[in-house]
Amino acid sequence: MLNQAARFSSSKRWIVIALIIVIFALASFLRIDFLVSVEHKVSHDSVHYDLMVRQLLEKGVYAYKDTEPNAKVTPGYPLFMAAIYKLVDYQHHDPFPTIRYTQVVISLISLWLLYLIAKRLGGTTVGIVALFIGAVYPPFVWSNAAVLTEVLATLFFMIYVYLQLIVFEKKTWTHALLSGAAMGLLVLTRPEFLILLLPIYAFYYFWKKEKRTTLKLFLITVIGTGIVLSPWVIRNMVTLHEVVIASTQVNPFHAGTYPNKNYDDGLVDRKGKTQMEIAKERLKVGFTEHTWEYTKWYTYGKLKQTYSKMYFGSGHEPRYQVIPILPWNWPHMALIFFALVSLVVFARKWRQPATMLAVILVTMSIVRLAFVPEYRYNYTVMPFIIIMDSIVGVAMVRMLVARYRKNTPLSAERSVHDAQPSPSSPQQP
């Protein structure tokens, strides 16, 4: 009996390994085939990143959209680009193809982390389901061609969440320090995620009620983050003579004050004012004189514009159909709709590690309300939406299967048979 169980376990393990290999082969094919089979466009931001990196390498000046040093963007992605520029001899060869293929490798590593997180939170079946969805989710294919921060930021985000789950499980200083370092790398790539440190540890405290342990792990994580961010902060203090932890760019906040992105609404006089001054005045006038319009924009309006469409990368021609049998936006909308169901489920049964993903999704959705909404901003949370949906979806399927088996005539017959004493069994008094 034990040998039979061991053989079954071994057979199951090999089936899982085979499925993982097949899914990764599919994911690799889709990403590489996409890069070689279409014509890729270059976005406005990519052009300025290119100019910025060339200026950094040739003149030693770190500045975005300027020739004087600034801190408008954090250095994570520009330094990643600079390393590849040097590697390929950018003055004689186009560095963008190498960046794109490097991002394919990064996206496959992120896919593996997606599987590890999903498996840790929901088991092997959930891991396989999430892995398959991540392999064929169109934006995870298209994004590799965009010379933008999304792919690299998602890798650091996945590493941070994976390490944070280990921190909550093992409560070790080493993992807390490493998770903080991962957060530091994430902030150097996309600064808006720094705020996640607080709500994640607040969730852990309310879950475990371990005040001393929570505070200790939180402080160590903050130290890890600070160590990674310190060279950037010191550079800003020395070069710019001010303390800048993340970046100084105001435009996303300013642009977010225009309902439905109507940048010519004439709500306030913009002449001779900075973007921050304009933004503050627009918020004051908007919420006092156009209360309903601004309330709707800063809730439903921005959430709709952030989550209603997939991220297309920088664009390409002809359109690469990752899942040709379905209308282009259906897979994305199905994930978003089911995410609402998942949030309700996790809200009802929140005392579990997987709820941390719901905390991340809600926190980042609230953060996004402060800035201009773009559907590219849903990209970095989609891995966690996929994992949440997989956990809840697999649980629902298992529940339905169990209920079906219970109600089948064969199952009922077995239940009656099992309830009857065996002729050879002694009768109970």
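Which helix is I32 found in? I32 sits in helix α1, residues 2-37, and the legends below come back to it after a look at the whole chain.

This is a predicted model, where local features need pLDDT of at least 70, side-chain atom pairs count only at pLDDT 80 or more, and totals for chains, interfaces and linings use all residues. Residues are numbered from 1 along each chain as its sequence is written, and side-chain values use heavy atoms, with hydrogens and water left out.

**Figure 1. The whole chain, for orientation.** The secondary structure comes to 17 helices and 2 strands; helices (H or I, at least four residues) and strands (E, at least two) are DSSP runs, numbered from the N terminus. The C-alpha trace spans about 95 × 55 × 45 Å along its principal axes. Of the chain's 429 residues, 46% count as buried, where buried means under 20% relative accessible area, exposed over 50%, and partly exposed in between (1.4 Å probe, protein chains only). About 22,500 Å² is exposed, and carbon and sulfur atoms supply 65% of that; the areas come from the Shrake-Rupley method with a 1.4 Å probe, and for residues only the protein chains shown count as cover. Take the contacts with a separation of 6 or more: residues 24 or more positions apart account for 75% of them. Contact here means heavy atoms within 4.5 Å.

**Figure 2. I32 on helix α1.** I32 counts as partly exposed because its relative accessibility is 40%. Leaving aside neighbours within four places in sequence, I32 is in contact with Y101 and V104. The C-alpha atoms of I32 and V104 are 7.5 Å apart, with the two positions 72 residues apart in sequence terms.

**Figure 3. Helix α2 crossing helix α3.** Two packed helices are described by the angle between their axes and the distance between the axes. For α2 (residues 44-59) and α3 (residues 76-88), the axes come within 10 Å and cross at roughly 65°. That makes α2 roughly perpendicular to α3. Axes are lines fitted to C-alpha atoms, for helices over the stretch in contact, and angles run from 0 to 180 degrees between N-to-C directions. Angles under 35 degrees count as roughly parallel, over 145 as roughly antiparallel, 65 to 115 as roughly perpendicular and the rest as oblique. The crossing is right-handed, meaning that the near helix is turned clockwise from the far one by less than a right angle (anticlockwise would be left-handed). Among the residues making the contact are Y49, M52 and L56 of α2 and Y77, M81 and Y85 of α3. By class, the α2 and α3 contact has 11 nonpolar, no polar and 3 charged residues. Ala, Val, Leu, Ile, Met, Phe, Trp, Tyr, Cys and Pro count as nonpolar, Asp, Glu, Lys and Arg as charged, and the others, Gly among them, as polar.

**Figure 4. Helix α8 against helix α10.** The axes of α8 (residues 173-189) and α10 (residues 211-239) come within 7 Å and cross at roughly 40°. That makes α8 oblique to α10, and the crossing is right-handed. The contact includes W173, G180, G184 and L188 of α8, plus L217, I220, G224 and W232 of α10. Sorted by class, the α8 and α10 contact has 15 nonpolar, 6 polar and 1 charged residues.

**Figure 5. Helix α9 and helix α15.** The axes of α9 and α15 (residues 355-368) come within 10 Å and cross at roughly 145°, in a right-handed crossing. From α9, the contact is made by P199, I200 and F203; from α15, by T355, M356, V359, I360 and T363. These residues divide into 6 nonpolar, 2 polar and no charged.

**Figure 6. Backbone oddities in the loops.** Most residues other than glycine have a negative phi, and most peptide bonds are trans. K65, in the loop between α2 and α3, has a positive phi near 60°. K65 counts as partly exposed, at 44% relative accessibility. K209 is in the loop between α9 (197-208) and α10, with a positive phi of about 55°. K209 is exposed because its relative accessible area is 52%. E317 and P318 are joined by a cis peptide bond, with omega about -15°, and P318 is in the loop between β2 and α14.

**Figure 7. Q321 and F34.** Q321 is found in the loop between β2 (316-317) and α14 (330-348). At 39% relative accessibility, Q321 counts as partly exposed. Q321 and F34 are 287 residues apart in sequence, with their C-alpha atoms 9.1 Å apart in space.
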